[in-house]
There are 2 protein chains.
Amino acid sequence: MSRGGSTREAILQHGVEGAYRVGLGGLTIGDLATATGMSKSGLYAHFRSKEALQLAVLAQAREEFTAAVIRPALAVPRGEPRIRELFERWVRCGLDRSAGGCLFVKASTELDEQAGPVRDQLARDHLDLYETIATVVRGGVAAGQFRADVDPVQFAADLDGVMLAFYHWYRLLDDDLAQTRARRAFEALLRAARDEPHVRNP
Amino acid sequence: MSRGGSTREAILQHGVEGAYRVGLGGLTIGDLATATGMSKSGLYAHFRSKEALQLAVLAQAREEFTAAVIRPALAVPRGEPRIRELFERWVRCGLDRSAGGCLFVKASTELDEQAGPVRDQLARDHLDLYETIATVVRGGVAAGQFRADVDPVQFAADLDGVMLAFYHWYRLLDDDLAQTRARRAFEALLRAARDEPHVRNP
């Protein structure tokens with residue numbers, strides 16, 4: 001990688017951490033200059049505007065999430081094993097307070113009412129994720145693991161809810177059972193997709 | 001209500017709207033003074049500190065949510081009708097971009113890593129809501145509407161996930177089907193609590 005490339009990457013890693021703490025809107029080129037020990041004019045050479053910086057930070061967070069969660073999941077057999085791998089890695093991402101994946105939860109509520117290219121990109125990133133999940137579910141249907149009439153996008157929305165509740169109960173409520181509850185909810189989703197009778201609590 | 005009381009309430013209504021736009025952390029006594037046409041010193045007489053203001057705004061949002069969602073739900077027959085009323089009113093709260101209920105979603109991701117009395121109060125408010133939901137579910141079990149082994153807190157966490165996903169898909173993704181998907185997910189939760197077989201998609 002070129003020197004310019006690795007400098008840019010180092011700046012963006014600080015950017016992802018910063019955006020996680022203060023929000024994408026709270027990121028400033030000045031604070032990033034302090035964090036990286038670079039001059040403000042040097043940072044302006046990399047990012048011409050605050051919006052360009054926010055988009056680059058979002059792209060970095062997306063790359064981190066794709067590398068940590070999506071690509072490894074797509075490497076395991078299709079259908080149920082693949083959706084399980086994706087779920088497990090997504091949970092790990094939520095447990096890790098430094099992971100870029102969490103930036104997406106924070107940025108979603110921060111930007112949902114702020115029209116513009118950053119919000120548009122954030123929405124597109126989420127839609128890409130849900131389309132990936134829906135595709136994995138369709139693979140499970142094709143493999144005969146899930147019912148033919150499972151709605152793959154509904155599954156993606158339901159899984160999104162499981163993960164958002166997990167994040168909420170783990171991060172804000174400090175609930176020791178947050179992970180256990182998320183696993184139970186995920187297993188219930190899979191059971192419903194397979195059309196198995198509910199397993200009674202032990 | 002005393003003049004001081006109604007002035008305070010007017011300030012807090014501006015505070016809830018402001019906090020919804022800029023976050024609880026972005027609220028300033030200066031901005032509120034501008035919005036209400038009061039002097040900063042007049043506002044300081046009502047709220048001695050930014051933290052006191054944040055707590056008062058949170059209390060106002062909680063009161064609005066309780067009046068719009070919780071109290072009317074508790075007025076209908078216990079168990080399933082009550083949880084349905086709560087769900088319907090909660091959805092309406094999510095659809096209404098001016099409702100205080102939404103402040104809770106925004107404040108949760110804003111404050112989850114910021115230790116202090118405001119975060120503690122926000123967590124307590126959420127725990128109160130989930131305990132209310134769990135109690136309604138227990139009422140449904142006692143009435144024989146739900147299975148005896150339904151886990152009421154798991155139900156509350158699952159419903160929280162349905163609502164968070166609804167909010168996310170409606171607000172950020174502008175998904176026309178967000179409300180439909182939330183209803184399907186809610187009906188699936190109820191079916192699982194009743195232990196009925198899944199209804200296949202038409």
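A crossing of two helices is called right-handed if the near helix is turned clockwise from the far one by less than a right angle, and left-handed if anticlockwise. Keep that in mind for the first stop of this tour of a predicted model.

**Stop 1: two helices in chain A**

Select helix H4 (residues 50-74) and helix H7 (residues 117-142) of chain A. Their axes come within 10 Å and cross at roughly 15°. Angles under 35 degrees count as roughly parallel, and H4(A) and H7(A) are therefore roughly parallel to each other. Turn the view until one helix lies in front: H4(A) passes H7(A) in a right-handed crossing.

Now show the side chains. On H4(A), the contact residues include Glu51(A), Leu55(A), Leu58(A) and Arg62(A). Facing them from H7(A) is a set that includes Pro117(A), Gln121(A), Leu122(A) and Asp125(A). Colour this contact by class and you will find six nonpolar, three polar and three charged residues.

**Stop 2: where the chains meet**

Next, bring up both chains. Here 33 residues of chain B are in contact with 33 residues of chain A. On the chain B side, the elements that give two or more residues are helices H6 (101-111), H7 (117-142), H8 (152-171) and H9 (178-194). Select H8(B) next, as this helix gives the most, with eleven residues. By class, the chain B side divides into 14 nonpolar, eight polar and eleven charged residues.

**Stop 3: the axis**

How does chain B lie on chain A? A turn of 180° and a shift of 0.0 Å along the axis lay chain B on chain A with an RMSD of 0.0 Å. The two copies are thus related as by a two-fold rotation axis. Finish by selecting Gly161(B): in chain B, its C-alpha is the nearest to the axis, 2.0 Å from it. The same surface serves both copies, as 100% of the contact residues of chain B recur in chain A.

Key
Residues numbered from 1 in each chain as written. Chains lettered and ligands numbered in written order. Predicted model: local features only at pLDDT ≥ 70, side-chain atom pairs only at ≥ 80, totals over all residues. Axes fitted to C-alpha atoms, helices over the stretch in contact; angles between N-to-C directions. Helix = DSSP H or I, 4+ residues; strand = E, 2+ residues; numbered from the N terminus. Parallel < 35°, antiparallel > 145°, perpendicular 65-115°, else oblique. Contact = placed C-beta atoms within 7 Å. Nonpolar A, V, L, I, M, F, W, Y, C, P; charged D, E, K, R; others polar. Least-squares fit on C-alpha atoms with pLDDT ≥ 70 in both.
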